[in-house]
Amino acid sequence: MARTGQQLRARTAKAIAKGGSGGRTTTAPRSDLGDRLRYRFDNSMSRGTPALIAWLTVATVVLIVVFSVFVTVLDLRPESDAPEGFLHEMFYSLLHALDPGTIGGDDPSSWRFVLTMLALTVAGLFIVSALIGVIAAGIDTKLADLRRGRSIVLEQDHTVILGWSDSIYTIISELTLANESRRKPVIVILADRDKVEMEDDVAAKVPDLRGTRVICRSGSPMDIDDLALSSHTSARSVILLAPESSEDPDSEVIKTLLALTHGGADGPNIVAEIRNPTNLEAARLVGADRTVLLDIRETVAKLVVQTSRQSGAAAVYTELFDYDGDEIYFLEQHDLGAQTYGDAVLAFEKASVIGLIEDGVPTLNPPADTVVGNRTLVVVAEDDAGLETEGRSLVGPDLSALGTAVAAEEQPTHGVLIGWNERAPIVLRELDHYAPAGSTLTVLTSFGAPAVPALEHLAVSVVAASTTDRATLEAHVVDGLDQVIVLCYSDHLGVQAADARTLVTLLHVRDILGRLGSATPVVTEMLDDRNRVLAQVAHVDDVVVSGEIVSLLVTQLSEDRRLEAVFGQLLGDQGSEIYLRPAEWYVQPGREVTYATVVAGATARGETALGYRSLSLGEDDVAGFGVVVNPAKSQTFTVQDGDRVVVLAEA
């Protein structure tokens, strides 16, 4: 038994020594000439269409040479059709191989020659057919590559949009308006979608591009190689969208910022959307000084609060944020250095001065006696193209028509917030900044357990009930409310389901307030812009704040990053904000006055006039629903009861 084990170990050691396993030896593979030729042929075929065309060319040359030799050696061609030498014979053979009709001109007296040429023609048909198929397949492949959008964009001073979301259509539409004064403007979209699908969607949703070319490329914005397809380094600005379908959109945004800043700190202006405020610091570390970060959650919440506090404010914000009408610009070259801010607000006929910039820091509605000096002017105008040559106002204010009414002391407010989502705590904190002591707010929600933040002035009570139930709404939407805010259930329902509930709630609320004869402003938040259009009603109080407003801000910031500080003041609780205040505070009611007089009346109160809201205008005006922003100084109107002046003022 021991001997048998020793024999087994000896055989195993011998096998290992031979390099085998279980008695098998390892030897190098042997190949003959045929194997080597096949291997080289396979390698050449893997090179694609050019290699296939080369092999078919070789086959064609071999074919005509063989048949030319065959015809020449056997002397098959008739005497009457004899060529001049072997090269001519090869030429005639080539014609037979490429053109089947050539055989019709052969002399039929020599049937052996005719059969030989027929065989050559049939063989040529196979080669030509294969050649056509290879070329067609190669062309199809190239067209498919072009349709995939994998070529580099060779553009400069263009706008790059990275990522895809429903807000992209609003951004493109606004950029086309902003680009009307540019020469051959271009927008480049890079997203992880099919190029043709993106082009079709843009063509369907934004049919009028106003001369702007939109170029789509397929690729991941987080990949440095794919990112290079957009030529972002030579762009004017880069817009980075937060993907709506991602489970963690902010992580993808931050990773894309890393790819954008990989080449260094220099480069175009970047505007990026952030959905969770806790990720702002990390994004700032990556984006450095090149990036403007827009907190979607906080921005929407602030807009909801600002528009809910007074009727007509939403029309003003929309007018300032989009490019269809009047927007905010900066005037650096002017001759108002020796004048005061109070003089500057009356200087231009069709532009409204609303602030000054010094050392990059804007101040909206500064004191009237502030000397302008070499500061940059913040103005509201229809276009920046002729801003430096804007005509001066020739109409002075009528100081005898200024109003003398004074504001009443603020009283506690009472409101209702219907619905709940991740933006609701921010809404409550913003409302608390403006609420007088003793103010109350009732939160009515169907989903979740709202976590009310610590508030200083606002007393909040939470009621869990169905927000689409008529009886429940009638119990809480009562006469005497100062505001009603309807939020969508974006944390608990899909987009369409959440908007459907919001629409039903809005219809009930409007009907209840209508029956009560109440003028309480109602602000409604929607998710889908298509549903926002459905929710628009014929009163300025019923305002829908959705992602479209965020898209407008993104577009504006991509054109001029100095607007970030200006928008921060307009939407924040520090400094001056937009108010619509009674017109009798500024001019005497019943008198026909110029808008210059209204501006002077606002200046006398330490405020800056932006426009007015007149009930007599109805919907036939620039901004909609009776609101006019930046009218001409010479425009006249008669103040009536209920008219309002749009001003920048401190609370």
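Okay, quick one to start: is Thr-291 buried or exposed? Have a look at the structure while I set things up. What we have here is a predicted model, so keep that in mind throughout.

Right, Thr-291. That residue sits in strand S6, which covers residues 291-295. And the answer is buried: the relative accessible area comes out at 10%, and the cut-off for buried is under 20%. So who are the neighbours? Leaving aside residues up to four places away in sequence, Thr-291 touches Leu-257, Ile-270, Ala-272 and Arg-561.

Hang on to Leu-257, since that name comes back in the helix packing. Two packed helices are described by the angle between their axes and the distance between the axes, and I've got two pairs to show you.

Pair one is H9, residues 249-260, with H10, residues 280-287. Their axes come within 9 Å and cross at roughly 10°. Anything under 35 degrees counts as roughly parallel, and therefore H9 and H10 are roughly parallel to each other. On the H9 side the contact is made by Ile-254, Leu-257 and Leu-258, and H10 brings Ala-282, Ala-283 and Val-286. By class, that's 6 nonpolar residues, no polar and no charged.

Pair two is H11, residues 296-308, with H12, residues 313-321. Here the axes come within 8 Å, and the crossing is roughly 130°. That makes H11 and H12 oblique to each other. In H11 you want to click on Leu-303, Gln-306 and Thr-307; in H12, they meet Ala-313, Ala-314, Tyr-317 and Phe-321. The tally for this contact is 5 nonpolar, 2 polar and no charged residues.

Okay, last topic, backbone torsions. Most residues other than glycine have a negative phi. So which residues should you look at here? Ser-231, for one: phi is near 55°, a positive value, and this isn't a glycine. You'll find Ser-231 in the loop between helix H8, 224-227, and strand S4, 237-240. Ser-231 is buried too, with a relative accessible area of 13%.

Then there's Asn-365, again not a glycine, with a positive phi near 55°. That one lies in the loop between strand S9, 361-364, and strand S10, 376-381. At 10% relative accessibility, Asn-365 also counts as buried.

That's my tour. If you've got the viewer open, go back to Leu-257: that residue is part of the H9 contact with H10, and Thr-291 touches it as well. Happy to take questions.

Conventions: Residues are numbered from 1 along each chain as its sequence is written. This is a predicted model: local features need pLDDT of at least 70, side-chain atom pairs count only at pLDDT 80 or more; totals for chains, interfaces and linings use all residues. Side-chain values use heavy atoms; hydrogens and water are left out. Axes are lines fitted to C-alpha atoms, for helices over the stretch in contact, and angles run from 0 to 180 degrees between N-to-C directions. Helices (H or I, at least four residues) and strands (E, at least two) are DSSP runs, numbered from the N terminus. Angles under 35 degrees count as roughly parallel, over 145 as roughly antiparallel, 65 to 115 as roughly perpendicular and the rest as oblique. Contact means heavy atoms within 4.5 Å. Ala, Val, Leu, Ile, Met, Phe, Trp, Tyr, Cys and Pro count as nonpolar, Asp, Glu, Lys and Arg as charged, and the others, Gly among them, as polar. Buried means under 20% relative accessible area, exposed over 50%, partly exposed in between (1.4 Å probe, protein chains only).
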